[in-house]
Amino acid sequence: MAGRLADLDARISAAAREAGRDPATLTRIVVTKFHPAGLVERLHGLGVRDVGENRQQELTAKRAELPDLDGLRWHFIGQVQTKKARAVRAAADAVHSVDRDRLADALHAADPDGVPLEVFVQVNLTDDPARGGAAPGDVVRLADHIATRCPSLRLRGVMAVAPLSGAPAAAFERLAASAQAVRTVVPDAAWISAGMSGDFADAIAAGATHLRIGTAITGPRPAHG
Ligand SMILES: *Cc1c(COP(=O)(O)O)cnc(C)c1O
């Protein structure tokens, strides 16, 4: 895994330089979903400090199993049922998948006076409303709601997954436009969470600041049920 991690980081740096960007400005999140807590521990030993999970129960369990890993930040990147918001808030350092007012309100209500939770508004880049994310036309309104009504959430930017079909580059350009629009209401929400194992170079070219990389580093995910 150390070899895959080093190789991936070299590819990220090359893609950044190709795009005229400084690789040091990118955060590489290793997506550890479906892997045991021991894998997170090994990654931490290799210097990884940002990991991503997409299911609340798994996040909660792994974090409880690994209380002492110095400086490790847990990013929640999956769909959240509103009733799970409290558990997500308790276990996550950042939530990339805020896509509706009710979820933002529930995350805020879970710890209104606590350490601010970093959040991203997830943007749906597909035509399928069942996929996660707010419709692009609703993103600025949602960002404004978070900024004005949810003071314990710190809006940092936008997040998306490229559609399964079509060119990821075009989708990431649409995401960059949403990011610009959000900055008209929250000027310092400058982060863009985009790019996975198969499309991170396109995401970097379109301005991604936070990459979510799973299989290219961890190898195939174990089966899950
Ligand atoms: C699983 C997942 C990833 C990582 O995907 P890979 O193709 O394994 O790199 C990134 N983002 C989200 C939202 C995911 O669910």
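Trainee: How many aromatic pairs does a search of the whole structure find?

Mentor: Happy to start there, and keep in mind that this is a predicted model. The search covered the whole structure, and the number of aromatic pairs it found is 1.

Trainee: Which residues form that aromatic pair, and what is the angle between the planes?

Mentor: The partners are Phe120 and Trp191, with 5.9 Å from centre to centre. Planes under 30 degrees apart would count as stacked and those over 60 as edge-to-face. The pair is tilted, and the angle between the planes is 40°.

Trainee: How many residues apart in sequence are the parts that this pair ties together?

Mentor: Look at where each partner sits: Phe120 is in strand β5 (residues 117-122), while Trp191 is in strand β7 (residues 191-193). The pair therefore ties together parts whose separation in sequence is 71 residues.

Trainee: Is Phe120 buried or exposed, and what is the relative accessible area of Trp191?

Mentor: Phe120 has a relative accessible area of 0%, so this residue is buried. Trp191 is partly exposed, and its relative accessible area is 22%.

Trainee: Which residue lies over the face of Trp191?

Mentor: Good one to check on the model. At 3.7 Å from the ring centre of Trp191, you will find Arg156.

Trainee: Let's turn to the ligand. Which side chain has an N or O atom 2.5 Å from an oxygen atom of the ligand?

Mentor: The residues around the ligand include Lys33, Ser197 and Arg221. For Lys33, a polar side-chain atom is 2.7 Å from a ligand oxygen, and for Arg221 the distance from a side-chain N or O atom to a ligand oxygen is 2.8 Å. The side chain at 2.5 Å is that of Ser197.

Trainee: What percentage of the ligand's accessible area does the protein cover?

Mentor: On its own, the ligand has 390 Å² of accessible area. Of that, the protein covers 88%.

Trainee: Within what arc do the buried residues of helix α2 fall?

Mentor: In α2 (residues 37-45), the buried residues are Ala37, Leu39, Val40, Leu43 and His44. Seen down the axis, they line one face of the helix. On the other side, Arg42 and Gly45 are exposed. The buried set falls within an arc of 155°.

Trainee: And which residues are exposed on the other side of α3?

Mentor: Start with the buried ones in α3 (residues 56-65): Gln56, Glu58, Leu59 and Lys62. They cover an arc of only 165° around the axis, so they are on the same side of α3. Exposed on the other side are Gln57, Ala64 and Glu65.

Key: Residues numbered from 1 in each chain as written. Predicted model: local features only at pLDDT ≥ 70, side-chain atom pairs only at ≥ 80, totals over all residues. Heavy atoms only, no water. Phe/Tyr/Trp six-rings, centres within 6.5 Å; stacked < 30°, edge-to-face > 60°. Helix = DSSP H or I, 4+ residues; strand = E, 2+ residues; numbered from the N terminus. Buried < 20%, exposed > 50% of the residue type's maximum accessible area, 1.4 Å probe, protein only. Lys NZ or Arg CZ within 6 Å of the ring centre and 35° of its normal. Near = heavy atom within 4 Å. Polar contact = N/O pair within 3.5 Å; in protein donor to acceptor, adjacent residues only side chain to side chain. Areas by Shrake-Rupley, 256 points an atom, 1.4 Å probe, with all protein chains shown as cover. Arc of directions from axis to C-beta.
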